[in-house]
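Ready for some practice in reading a protein structure? Have a look at the sequence and the 3D view, then work through the exercises below.

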Amino acid sequence: MARNSVSLQDVAKEAGVSPQTVSRVANGSAAVRPETRSKVEIAMEKLGYRPNYAARALKSGRFNNIGVLLSHMSAFGNARILEGIVSTAAEQSYSTTIRTLDDLQDRSLAGALKLVEDLPLDGVIVIMERDFTDFNQFKPPQGLPIVLISEEPANNCVTIDSDSYGCSTAAVDYMLSKGHRTVYHIAGPSMSRAAQSRIRGWHDALAQAGATIPPIYIGDWEADSGYQAGLALAHEEACTAVYAANDQMAYGAMLGLQAAGKRVPEDVSIIGVDDSLEGMVPRLDLTTLRLRFHDVGREAFSMIKRQRNGEKVTPGVKTVIPPEFIDRGSVRELK
């Protein structure tokens with residue numbers, strides 16, 4: 001029998017049950033006895049029956065499909081967040097539709113949503129890396145839940161992200177607790193919202209402790225920029241501690257300091273953020289604050305589904321996924 005010609009009635013006849021029972025099984029209803037469900041599933045498989053998802057969506061108003069908008073899929077954090085969304089969606093029988101924002105001319109959330117407005121979606125997750133012009137004015141369309149993975153809470157949208165500010169204050173406080181008088185910072189690019197949050201956290205933690213705030217070294221997230229910063233920092237007499245805004249720059253800075261004759265951590269301690277080098281660099285000895293990107297993706301999907309199920313998820317408040325401290329010995333305690 002041709003797969004596309006198999007009907008509920010065909011399956012019902014094969015399984016010896018009613019078409020209504022087959023419909024319940026196809027729609028995932030719990031109101032079917034396990035032995036009956038097994039008979040129906042065997043009949044479906046034998047006949048090659050596949051549920052008509054379009055018809056189901058028209059009836060239920062659900063598509064079991066989540067949209068994701070992002071700029072770069074290759075960036076470590078984005079890739080891990082995306083993995084969290086896609087794997088969680090798959091566990092719950094949802095598909096994921098991905099659209100990139102690289103060529104978006106209208107730098108607004110409303111403009112970004114136009115990329116998916118005609119698609120059958122139950123909600124949209126936007127992974128934000130830069131500002132949108134209508135960030136605090138944008139209101140989600142009626143009936144379409146929106147979740148922003150964003151450094152800042154939005155007035156009208158549900159938001160979630162890692163704690164970039166908090167990982168900076170934790171890194172600085174840890175360095176100061178080890179006896180360092182101040183902490184130098186290698187920042188990410190100025191256009192990055194995460195980089196700006198990490199700068200603020202670094203600055204505020206030093207100010208709160210009454211420590212000297214040294215000049216910032218600006219990188220581009222890549223190890224080479226960290227290496228150049230490390231070469232320069234080797235000539236800063238007051239530099240005994242360095243906090244880099246990601247692990248690639250931190251590892252590059254470590255190599256730059258060593259190339260300039262400095263020992264890590266004997267002369268200069270260093271700490272990074274994200275734990276992106278685990279499994280890539282042999283004998284990795286970089287202390288870091290692991291950002292739980294996968295958990296961010298999982299929770300973002302959960303927020304979409306909860307809204308779709310009628311649960312109130314409050315906008316204007318950012319849900320924060322805290323970092324995890326990973327000590328690998330690159331920070332020395334000063335006597």
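Here are four exercises with worked solutions on this predicted model.

**Exercise 1. The sheet**

Task: Work out in which order the strands of the open sheet are arranged, and which strands lie at its edges.

Solution:
- Step 1. Begin with the general idea: strands of a sheet pair through backbone hydrogen bonds, either parallel or antiparallel.
- Step 2. In this model, 6 strands form an open sheet with parallel pairing, and their order is β2-β1-β3-β4-β5-β11.
- Step 3. Look for strands that pair on one side only: these are the edge strands, β2 (95-100) and β11 (318-321).
- Step 4. Check how the strands are turned: on average, neighbouring strands of this sheet make 20 degrees with each other, direction ignored.
- Step 5. Now zoom in on one pair. Strand β1 (residues 65-70) runs parallel to β2 and is joined to it by 6 bridges. Within this pair, Leu70 has Thr100 of β2 as its bridge partner.
- Step 6. Finally, add a helix. Helix α11 (residues 293-308) packs on the sheet and touches β1, β3 (123-127), β4 (146-149), β5 (158-162) and β11. The direction of α11 makes about 165 degrees with that of β5.

**Exercise 2. Salt bridges**

Task: Find which residue of the chain meets Arg328 in a salt bridge, and where the two partners sit.

Solution:
- Step 1. Recall the cut-off: a side-chain nitrogen of Lys or Arg must be within 4 Å of a carboxyl oxygen of Asp or Glu. The count for this model comes to 15 salt bridges.
- Step 2. The side chain of Arg328 meets that of Asp275, with 2.9 Å from N to O.
- Step 3. This pair links distant parts of the chain, 53 residues apart. Arg328 is in the segment after β12 (324-326), while Asp275 is in the loop between β9 (269-273) and β10 (287-290).
- Step 4. Is Asp275 buried or exposed? With a relative accessibility of 6%, Asp275 counts as buried.
- Step 5. Try another pair: Arg306 and Glu311 form a salt bridge at 3.3 Å, N to O. Arg306 is partly exposed at 25% relative accessibility, and Glu311 is partly exposed at 41%.
- Step 6. Look for shared partners: salt bridges join Asp275, Glu278, Arg290, Glu324 and Arg328 into one network.

**Exercise 3. Cysteines**

Task: Determine how many disulfides the structure holds, and explain why Cys239 has no bonded partner.

Solution:
- Step 1. Keep in mind that a disulfide is a covalent bond between the sulfur atoms of two cysteines.
- Step 2. The number of disulfides in this structure is 0.
- Step 3. For Cys239, the closest cysteine sulfur belongs to Cys167 and is 19 Å away, so the distance is too far for a bond.
- Step 4. Add the surroundings: Cys239 is buried, with 5% relative accessibility. Cys157 is buried too, at 1%.

**Exercise 4. One residue in its place**

Task: Describe where Ile216 lies and which residues it touches.

Solution:
- Step 1. Ile216 is part of strand β7 (residues 216-218).
- Step 2. Ile216 counts as partly exposed, because its relative accessibility is 35%.
- Step 3. Leaving out residues up to four places away in sequence, Ile216 touches His185, Ala187, Ile199 and Trp202.
- Step 4. Compare with Leu277, which is 61 residues from Ile216 along the chain: the C-alpha atoms of these two residues are separated by 23 Å.

Technical notes
Residues are numbered from 1 along each chain as its sequence is written. This is a predicted model: local features need pLDDT of at least 70, side-chain atom pairs count only at pLDDT 80 or more; totals for chains, interfaces and linings use all residues. Side-chain values use heavy atoms; hydrogens and water are left out. Two strands pair if DSSP finds at least two bridges between them. Helices (H or I, at least four residues) and strands (E, at least two) are DSSP runs, numbered from the N terminus. Axes are lines fitted to C-alpha atoms, for helices over the stretch in contact, and angles run from 0 to 180 degrees between N-to-C directions. Contact means heavy atoms within 4.5 Å. Buried means under 20% relative accessible area, exposed over 50%, partly exposed in between (1.4 Å probe, protein chains only). A disulfide is a pair of cysteine sulfur atoms within 2.5 Å.
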